Amino acid sequence: MSKNALSTWDQARDARTFGSIEIVRVIDMTDSRYTASMIYPEAEADEIRLLSRRLGPSHIDPGDLALLLSFHAFIVKTSKLTILLDTCIGNHKVRSEWPAWNNRNGPFLENLDKQGFVPEDIDLVMCTHLHADHIGWNTRLVNGQWVPTFPNAQYLFSEREYKFWKEYYGKNNDPVLYNSHVDSILPVVESGQAVLIDCPYEAATGIHLQPAYGHTPGNMILEVGEGTKIHAVLCGDVMHHPVQLSHPEWSTIFCEDPAMSREARLCLLRRFANTGTFLLPAHFQSPAYGPIERDGTVFRMKNSTGQV
């Protein structure tokens, strides 16, 4: 195998092996379209048009310049544990504010099975944060009740994050996060499977949750490594789209603290640029997963198609 092949994401398997650890992507929804200015208030059409020529149609529609996003989870398979990070949108959940998410009947569990896993295989579920599109498959509807999808798993939630949304509900008395707190978090807590943690947190040898606050008050990233080598960083919504490699200063309208989110993103990119560590964001379309390099004031991601 060539040196170049060793630095790329395997598109055929939608996975990559790092030493004794395998990381696998499981898709819930792809090719979701969003107007750039809706997500990034600072984005201008001319700049998005320029970026579309470099990033290509997998990431930006060259016609109407819509940004394309994926909603997927990652499985981290070690010799001892099977970990699922972020559980996407979910099925049968009322999300009237987001028509594409509302009462879905998507193929996530079928896609999980195609990758060789069933819900009973999962030992740990980790949510980088508690937005509705990262917790949806925490639960599924069984006989009219929301029950944990992964019956043998502990679910790791940031205590800081959990308390923030719980207090938000107490102050505002309205549905928290499109009611996802009720249908996707509380049933896990009530089942006794939830574990509230503080960051940094070592889930297992080489598996570390680290703070990356800003997008939400308890936002976390997952570092996966062996020995002193960090193979990959599963970075959730620290970045939503590859345009932020060229404009890391852009925070989204979904960020609770845009300035803190910007700092967390810049810290992540500066720390791992030119190290060979893979960045695996929660919403980048395939095949945009790979190591990053610094190019002056901007960043590039190396992958099987060249660079993003």
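Pro 287 sits in the loop that runs between strand E14 (278–281) and strand E15 (290–295). In this predicted model, the peptide bond joining Ser 286 to Pro 287 is cis, with omega at about 10 degrees. There is another cis bond to look at, between Cys 199 and Pro 200, where omega is about 0 degrees. Pro 200 also belongs to a loop, the one between strand E9 (194–197) and strand E10 (201–204).

Let's go back to strand E14 (278–281) and move inward. Leu 279 and Leu 280 are among the residues that touch the most other members of the largest nonpolar core, a group of 42 residues. Ile 23, Val 76, Met 126, Leu 222 and Leu 234 are also on that list. Strand E13 (residues 229–236) gives this core its largest share, five residues. A second core, separate from it, has 26 residues, including Ile 122, Ile 135, Phe 150 and Tyr 162. Nonpolar side chains in soluble globular proteins tend to be buried together.

What does Leu 279 contact, beyond its neighbours within four places in sequence? Its partners include Val 233 and Cys 235, along with Met 239, Leu 268, Leu 269 and Phe 272. Tyr 289, Gly 290, Ile 292 and Met 301 are in contact with Leu 279 too.

Tyr 162, a member of the second core, leads us to a histidine. His 181 touches Tyr 162, as well as Trp 165, Val 176 and Leu 186, when residues up to four places away in sequence are not counted. This histidine is part of helix H6 (residues 180–191). His 181 counts as buried because its relative accessible area, 8%, falls under the 20% cut-off.

Now for the empty space. The largest pocket holds about 400 Å³, and 21 residues line it. Nearest its centre are Trp 98, His 131, Asp 133, Tyr 178 and Phe 254. Strand E3 (67–77) and helix H5 (159–172) each contribute at least two lining residues. Sorted by class, the lining comprises 13 nonpolar, four polar and four charged residues.

Finally, two loop residues have a backbone worth checking. His 92, between strand E4 (82–85) and helix H4 (108–114), has a positive phi near 65 degrees despite not being glycine. Asn 143, also not a glycine, has a positive phi of about 55 degrees, and its loop links strand E6 (139–142) and strand E7 (145–148). Is each one exposed or partly exposed? His 92 is partly exposed at 39% relative accessibility, whereas Asn 143 is exposed, at 79%.

Methods: Residues are numbered from 1 along each chain as its sequence is written. This is a predicted model: local features need pLDDT of at least 70, side-chain atom pairs count only at pLDDT 80 or more; totals for chains, interfaces and linings use all residues. Side-chain values use heavy atoms; hydrogens and water are left out. A nonpolar core is a set of buried Ala, Val, Leu, Ile, Met, Phe, Trp, Tyr and Cys residues joined through side-chain atoms within 4.5 Å. Buried means under 20% relative accessible area, exposed over 50%, partly exposed in between (1.4 Å probe, protein chains only). Helices (H or I, at least four residues) and strands (E, at least two) are DSSP runs, numbered from the N terminus. Contact means heavy atoms within 4.5 Å. On a 1 Å grid over the protein atoms alone, a cavity is a set of points where a 1.4 Å probe fits but cannot get out, and a pocket is an open set with protein on both sides within 12 Å along at least five of seven lines; lining residues have an atom within 4 Å of a point. Grid points are joined across faces, edges and corners, and a volume is the space filled by probe spheres set on the points. Ala, Val, Leu, Ile, Met, Phe, Trp, Tyr, Cys and Pro count as nonpolar, Asp, Glu, Lys and Arg as charged, and the others, Gly among them, as polar.
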